[in-house]
Amino acid sequence: MLQLPTPASQEPSPIARTKFPFKTCQWCFASCGRALGMNILAMSWTVSDRPNWLCRWISMMAAPGEKVDRTASSNPDLHLNRATLHKYEENYEEALEGFSRAAALDPAWSEPRQREQQLLEFITRLTSLLESKGKVKTKKLQSMLGSLRPAHLGPCGDGRYQSASGQKVTLELKPLSVLQPGVNSGTVVLGKVVFSLTTEEKVPFTFGLVDSDGPCYAVMVYNMVQSWGVLIGDSVAIPEPNLRLHRIQHKGKDYSFSSVRVETPLLLVVNGKPQGSNSQAAATVASRPQCE
C-alpha cells in the first residue's frame, strides 16, 4: 500500500550562514531574532504544516526594516537566509533577487554571488532540457512512451492508494497537460523519465517527465537520500501531483516552465514499485553561528 509519510518525515532544513553582529543592542536583537527564527524554522521541517510555518517566517523576514530594525535591513545575511528559504519553496525569482541584494550589500562576500549564479545555471539548464525533452531522439521517445503500461501505476492504479486523510481512494489517470496549479486531488500522472538534473546542494533531485500527451514537466523531489534517483526510461507515477507554474524574470532574462513538487520519494511509484523507507533522508538540523 502506498501511504503518505508521517509528519516526522519531512525534508532536512537548509540553514544558511548566520552572523551575529554585536555592534549595538538594537542590532544584536534584530540579528539574533532572525537567527532564532531560522532555527525555529528548521523545526518546521518535522511538522505537517511546513508550508504554513515557512510562510510565517518568510513574512517575518520579508521587510526587516519595518518588522524590527531599519539597520537590520542592510544586513546581507538576512537577505541570504530569506533567499535560501525562497529557493527551497521554489520561489526562484525572489531567491535570485535576495542573493543579488546580499551580494550588493557585501561585495567582498562571495557566497551570495555564487548561489545566485548556481541557481541561474540550474534554471537555464533545466529550461533547455525541458524544451528539448532531454534531447531524446523522437523514435526513442516514441518507443519509451509506447512501453507505458497500467501496471506501472502500482498501488496508484488498483485502489490501494491512501490519501492524506487516511482513506483509500481511487485515483484517475490524467495527462500532465490537464493538471491545475496546486494539489490535484484524486489524480495520478504517469510518464517516462527523459533526463535528470541535480544542484550543488543535491536537493532537489530533478528529472524530466513526459507522457503520451507531449509536454515535458520538471519533477522536483525533496528529502531523498543522495543515493536515490531515477534513470532515463524509468516509468514514474505521481499521485495527487502538486503543480507549480514558474515565471521568472531576472537581470533582463526570462524563464518559464512547469514543475511538480514531490516532498518525499515515498510518494512516487517507479516502474510499478513504491519506494522504500530507505529512499528518504532523515531529518537533520545544522547551523553555523559566526561572531564578529
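S259 counts as buried because its relative accessibility is 0%, where buried means under 20% relative accessible area, exposed over 50% and partly exposed in between, using a 1.4 Å probe and protein chains only. The model is predicted, so local features need pLDDT of at least 70 and side-chain atom pairs count only at pLDDT 80 or more, while totals for chains, interfaces and linings use all residues. Residues are numbered from 1 along each chain as its sequence is written, and side-chain values use heavy atoms, with hydrogens and water left out.

S259 sits in strand β11, residues 253-262 (strands are DSSP runs of E, at least two residues, and helices are runs of H or I, at least four, numbered from the N terminus). Contacts of S259 (heavy atoms within 4.5 Å) include E90, R244 and H246, with residues up to four places away in sequence not counted.

It is worth following E90 and R244 further. Their side chains meet in a salt bridge at 3.9 Å, N to O, a salt bridge being a side-chain nitrogen of Lys or Arg within 4 Å of a carboxyl oxygen of Asp or Glu. This pair links distant parts of the chain, 154 residues apart: E90 lies in the loop between α4 (76-88) and α5 (92-105), and R244 in strand β10 (residues 242-250).

E90 also forms a salt bridge with R261, with the closest N and O atoms 3.3 Å apart; here the two partners are 171 residues apart. E90 counts as buried because its relative accessibility is 2%, and R261 is buried at 6%. R261 in turn pairs with E263 in a salt bridge of 2.8 Å, N to O. Taken together, E89, E90, R244, R261 and E263 are linked in a network of salt bridges.
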